[in-house]
Amino acid sequence: MLSESLVWLILFAPLAAFVIIGFVIRPLMRLVIPVAAQEHGDDSTHSAHGRSILGGSAGILAIIAIGVAFVLSIVALFGSIDNHGDSPYIAHDWLTVGNLEFTIGILMDPLTTIMLVVVTSVSLLVQIYSVGYMSHEDDRGYARYYAYMSLFSASMIGLVLASNIVQLFAFWELVGLSSYLLIGFWFTRPSAVAAAKKAFIVTRIGDFGLLLGIMYLFFHQDAFTAAGLNSLDIVDIYTAVDAKIIAGGVATWIAAGIFAGAVGKSGQFPLHTWLPDAMEGPTPVSALIHAATMVAAGVFLVARFFPVFEASETMMNVIILIGGFTALFAATMGLVATDIKRVLAYSTVSQLGYMMLALGVGAYSVAIFHLFTHAFFKALLFLGSGSVNHASGTFDMRYMGGLRKVMPITYASFVIGGISLAGILPFAGGWSKDEVLTAAWNGAGAIPAIGFWMALLAAGMTGFYIFRAIILTFHGDFRKGADAEGIEDTHGAEVHLKESPIAMVFPLILLSIAAVGIGFVVNPLFDLGIVPQHWFGHFLGQGPVHVEIEDFNVVLAPIAMLVSISGIVLAFLMYQTKVVSAEQLGARFKPVYILLVRKYYFDELYEDIIVRRFFYGGVARTLDWIDGSIINNIGKFIGWLGANVGTALRQLQTGQTQEYGAAISIGILTIVGLYLWFL
Amino acid sequence: MGLENFLIVSAVLFSIGFYGALSKRNAITVLMSIELMFNAVNLTAVALSRYVVPESLATAGQNAGQDAAQFLLTGHIFAIFIITVAAAEIALGLAIVIAIYRNSESVFVTDATQMRN
């Protein structure tokens, strides 16, 4: 088992990288390279040769830091296996107010260790990839990029390690902050700035719910204290649920607050609008944050407080419905998106819906299993799309095509990721998606059934849209890329059709291997040498949640695969062989098509109706009126009072010494007189 | 002649001086009135010193000795102090009056209103 200081090093290594890059390396750059020269250099940084030692060291430092964190995470995972999932670390006092203690500490249960491995491994690969992808960036931008990436990794690690809900919330917000910084990384681009703000504000709505949930939990501190527990300590919360201190309506409301936070962070309906827009950030950022780890934080949060959710059947049903609906709803929008990253973004939202669905039906280990496999194949797909962008200079699939011949490795890895996403066995995504569907199928009652059918339908769509993306991108003839699209601010992207550099291809290969095999390896159907049967589920079952291992469903799996394959076949018919005309289909179902292209008008609903009409027109105008006519007038009245009382008093100040003398004398006489009178 | 007679004269003098100081426009007259008030105070001090014996002395009797001289002369000493200080004060006051006169060609205190600003 790792000593505690080494576990903290997992958190502090990337954090230190952030501090060093941000507060040492970047200021040094300003000293070494005059700003004027740098600005001039912006125009000619289309080659990767301009990287200075300082700039290069930023990247290397960040990669080493996350590498250390990754190695330690692996050690921690094995330590946790040896330890049967018990967390041996004792929390430290942070703040004591009266008899209330805030603690800070490490909760090293199976969920944490698995999340640690996912976060650090994907982060490591993405950061290696970024050396190639961000090579067009100038030195200062490059260092800033790695500083933010390190900050993000550190906050995500802090989030999964937290043993206290306040500690968890702090890192939760840090994750949101670093996400904001990275989406708006190219801050000269107005759309990136808008997307960053949107992501920050929309997730903040969910975070507010989470905060309310924490506060409501805190209201029950008295009941906790009576049982010798601390309402903010996560392990104590588990105990409290077992002891029925939290039950019924209380559990429902706490769970609702926590779930609101998860909905915001994981882009679940109805707070899904920010996630597709977040694709404005650099592609590795999308891969790391908006596919593999940060958006999974919502799922992690629900899993972390799963006992609370289990205590409330209402919330479980809400999760099933929202998860299932999101899976289907996002998939439909993915059908028509033309931006390859948006297709992937919708698929992310959809897959997160699957995870939520699994949590809702009580299949805790299945949800985490899907999170685990999804992190790898979705990071793979995103990095693949970045590689494609590197060659074609665009993200718009209408201007791609034919890239299979020039970038075979990217093509192969993208297809592997696609198959995995579509849920074809024996690829990683197949195993986990099957388990989600099986869990939903086995759930009792009508609501899991609704979730199941929505998820099954979404599985077909997933096969369709991902293969549509593959065919449009890699098959057929090249349609001129960025040259045809005619966008200006491409940040160095231009058409040069060749395979991406080794730094980018290497992570793709590693992730491809993971996308193929990792699903079966960690959760095999039979004993697999060192890995016992259903290891993943059993391991998670050592945590606070009771896990029921569901056997492989021999009937359901082929059906689910058939649904996916039919989607894939349809994609081939429409875009490869063109037997079915996509245009005609679009024309026939024009209203539906437009509805999907316009994303169900949710952006319009939120921005025009809720924000402009309701907030600007209603709430803000009312508040403005109150401010203008009431608050302001109170202020004005106080000022007027001072000015006019002064006017009256000013008449007394004549400058006539004798009047003053008289006044003073009268005053003294009065005081003396009163004194004598009352004595 | 008792203490009251001195105090009455002193009070009358003080009141006349006080009235003059607050009502006369001419700065010289004001200064003179202030001088009247000083002298009223002096008169009170000396009279009280002469007629009022501190209790400690009254009870000490034969043993008073050195202390008696000190206490009995306190009023007189103060009167001399006040006269000295008043002389200095009048010198200062006249200097101010002259300075004001040079500036504004007036010795009326009602014209000297600069302090208002």
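What pattern does chain B follow when read along the sequence? Select chain B and trace the chain from its N terminus: the pattern is α-α-α-α. Keep in mind throughout that this is a predicted model.

**Stop 1: chain B on its own.** With chain B still selected, colour by secondary structure; the count comes to 4 helices and 0 strands. Next, colour by burial. Chain B has 117 residues, of which 12% count as buried. Then display contacts within chain B, keeping those between residues at least 6 apart in sequence: 62% of these join residues at least 24 apart.

**Stop 2: where chain B meets chain A.** Show both chains and select the residues in contact between them. On the chain B side there are 8 residues, and they touch 8 residues of chain A. Coloured by class, the chain B side splits into 4 nonpolar, 3 polar and 1 charged residues.

**Stop 3: a helix pair in chain A.** Hide chain B and select residues 364–392 of chain A, which form helix H17, together with residues 428–442 of chain A, which form helix H20. Their axes lie 9 Å apart, and the packing angle is about 150 degrees. An angle over 145 degrees counts as roughly antiparallel, so H17(A) and H20(A) are roughly antiparallel to each other. Their crossing is left-handed.

Now show side chains at the contact. From H17(A), pick A:Val366, A:Phe369, A:His370, A:Thr373, A:His374, A:Phe376 and A:Phe377. From H20(A), pick A:Ala428, A:Gly429, A:Trp431, A:Ser432, A:Lys433, A:Glu435, A:Val436 and A:Ala439. By class, this contact has 8 nonpolar, 5 polar and 2 charged residues.

Note on methods:
Residues are numbered from 1 along each chain as its sequence is written. Chains are lettered from A and ligands numbered from 1 in the order in which they are written. This is a predicted model: local features need pLDDT of at least 70, side-chain atom pairs count only at pLDDT 80 or more; totals for chains, interfaces and linings use all residues. Two residues are in contact if their C-beta atoms, placed from the backbone, lie within 7 Å. Ala, Val, Leu, Ile, Met, Phe, Trp, Tyr, Cys and Pro count as nonpolar, Asp, Glu, Lys and Arg as charged, and the others, Gly among them, as polar. Helices (H or I, at least four residues) and strands (E, at least two) are DSSP runs, numbered from the N terminus. A residue is buried if 20 or more other C-beta atoms lie within 10 Å of its own, exposed if 12 or fewer, and partly exposed in between; C-beta atoms are placed from the backbone. Axes are lines fitted to C-alpha atoms, for helices over the stretch in contact, and angles run from 0 to 180 degrees between N-to-C directions. Angles under 35 degrees count as roughly parallel, over 145 as roughly antiparallel, 65 to 115 as roughly perpendicular and the rest as oblique. A crossing is left-handed if the near helix is turned anticlockwise from the far one by less than a right angle, and right-handed if clockwise.
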